[in-house]
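Hi everyone, thanks for making time for this. I'd like to walk you through one structure and how its parts pack together. Let me put it up on the screen.

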Amino acid sequence: MSETPINQAVWSSQDIRETARRLASAREAALSGEPPPDGPFDAPRQVIGESWLRALGSGVDPDRDSRQRLLSVAELEHRRQNSQLTTVLPVLNDGLLATSDAAQQIMVVTDAEGRLLWREGCAPVRRMADRLGFDKGADWTEGVVGTNAIGTALVARRPVLVHSAEHFVRTHHQWTCAAAPLHDPRDGRLLGTVDISGPAHTFHPTTLSLVSAVARLAEGELRTRHHLSLERLRSSAAPILARIGGRALAADANGWIAGVTGMTPPDRVALPKAPEAGPLWLPRYGMCTLEPLPGGWLIRVGRQDPAPGPSRVLLDVSGRDGASITVTGPVGDWSHELTPRHAELLFVLAVHPEGRSAAELARDLFGDGGRTVTVRAELSRLRQNLAGVLAHRPYRFADGVQVELRLPDRPMQLLPQSSAPAVAAARRG
């Protein structure tokens, strides 16, 4: 199997039908175990030939696509809420959506498991994709649908073009697609893929380069956001670290270091996937104590007894331009600006000190008790900054924390941008 011949056929041929015929001949030969045809452009590219072999080994039917079960709406929303790719959707849309729509193609973003999270672009092509099951929540890995740009890029860990009969499944031969993997620039972890797909006649030789370039822009945006978040954490942690005797570190939720005192700074510390305030054993440092900071954690090294928890919270929703929370803890005060949704959540918890269930909060915020997945995802994000301040089962401010709610002078000015039913009721008094 060679890399050049089919490449040349796809990239230079002006006859789409002839290109498709050559690709189909190469595929039929490969599936039957025969040597490829003798034409100069008829040997499958290595990345495609290897993918065909994997699809055969997985038992994928080469003649018809597999009708699969899509993710539920709740699971799809949960994956979107927890995907780092949510933050770079504007970059992907700006770089690809207008071009793909004009070229009668669609843009797709998947997670690292090959599940389609977002799909945008040309409406007629979206309807064509629906007939193939190429819809939000679908599994587009090689083991399910055979050779395709998304699934093959996930395996190859590099940008991949799959054109016409290079697709393993015959019913996909009328399509062309190009996908590039998206990685976490901090540690190289695979986050998912971005893909452009459309009818085979919409193929253009620059598509793969365009997708690859936009993927790199998105990774650059993730890198910039990481640096900015560390700078914000560093600003919050600096006065606290200055008051601490002994060894301590400030780290974000993923263990990246923003500041240290009393020790040589590492690049990263190995935190659990879901750290909580209190005592914790960490590799290299032994017993430590974690205390929440806005955007991360204060890690006291060598302390086996937990430090006193936060004693007071000031929730300020009195302003027209935003809301904030100030936490008084054992090492002083720190403040955190709140998103509109988090301001709504904390306001509801402040006026319901007995606590609220996820379903009750969903009704408070959306008027729909079924939207518990969204509520839990938002509370999970809040607890990254407010661990030790918030408790659950039911959701509430932790016992022993004194909560002060600062309201606007006029009830009608309460969180003016909010449409949450609980906030609207509070405005009416």
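The largest nonpolar core here has 46 residues, and Leu346 and Leu386 are the ones with the most contacts inside it. Before I go further, please keep in mind that this is a predicted model.

So who contributes to that core? Two or more residues come from each of these elements: the helices α9 (207-242), α10, α11 and α12 (372-386), plus the strands β6 (248-252), β11 (312-316), β12 (323-329) and β13 (332-338). Helix α10 gives the largest share, seven residues.

Let's zoom in on one of the two hubs. Which residues does Leu386 touch, if we skip those up to four places away in sequence? They are Ile325, Val327, Trp334 and Leu346. Leu346, you'll remember, is the other residue named for having the most contacts inside this core.

There is also another core, lying apart from the 46-residue one. That second core has 29 residues, including Ala26, Val60, Phe134 and Ala179.

Now, back to α10 and its partner, α11. In general, a packed pair of helices is described by an angle and a distance, both taken between the axes. For α10 (residues 340-351) and α11 (residues 358-366), the axes come within 10 Å and cross at roughly 120 degrees. The two helices are therefore oblique to each other. As for handedness, the crossing of α10 past α11 is right-handed. On the α10 side, the contact is made by Arg341, Glu344, Leu345, Val348 and Leu349, while α11 brings in Leu361, Asp364, Leu365 and Phe366. Sorted by class, that contact has six nonpolar residues, three charged ones and no polar ones.

My last stop is helix α5 (residues 89-102), where we find Val91. Here's a nice long-range pairing for you: Val91 and Gly220 are 129 residues apart along the chain, yet their C-alpha atoms are separated by 10.0 Å. Setting aside neighbours within four places in sequence, Val91 is in contact with Val214, Leu217, Ala218 and Glu221.

Ser100 is found in α5 as well. Is Ser100 buried or exposed? Ser100 counts as buried, because its relative accessibility is 0%, and the cut-off for buried is under 20%. Again leaving out neighbours within four places in sequence, Ser100 is in contact with Gln105, Ile106, Met107 and Ile196.

That's my tour, and I'm happy to take questions!

Conventions:
Residues numbered from 1 in each chain as written. Predicted model: local features only at pLDDT ≥ 70, side-chain atom pairs only at ≥ 80, totals over all residues. Heavy atoms only, no water. Axes fitted to C-alpha atoms, helices over the stretch in contact; angles between N-to-C directions. Helix = DSSP H or I, 4+ residues; strand = E, 2+ residues; numbered from the N terminus. Parallel < 35°, antiparallel > 145°, perpendicular 65-115°, else oblique. Left-handed = near helix turned anticlockwise from the far one by under 90°. Contact = heavy atoms within 4.5 Å. Nonpolar A, V, L, I, M, F, W, Y, C, P; charged D, E, K, R; others polar. Core = buried A, V, L, I, M, F, W, Y, C linked by side-chain atoms within 4.5 Å. Buried < 20%, exposed > 50% of the residue type's maximum accessible area, 1.4 Å probe, protein only.
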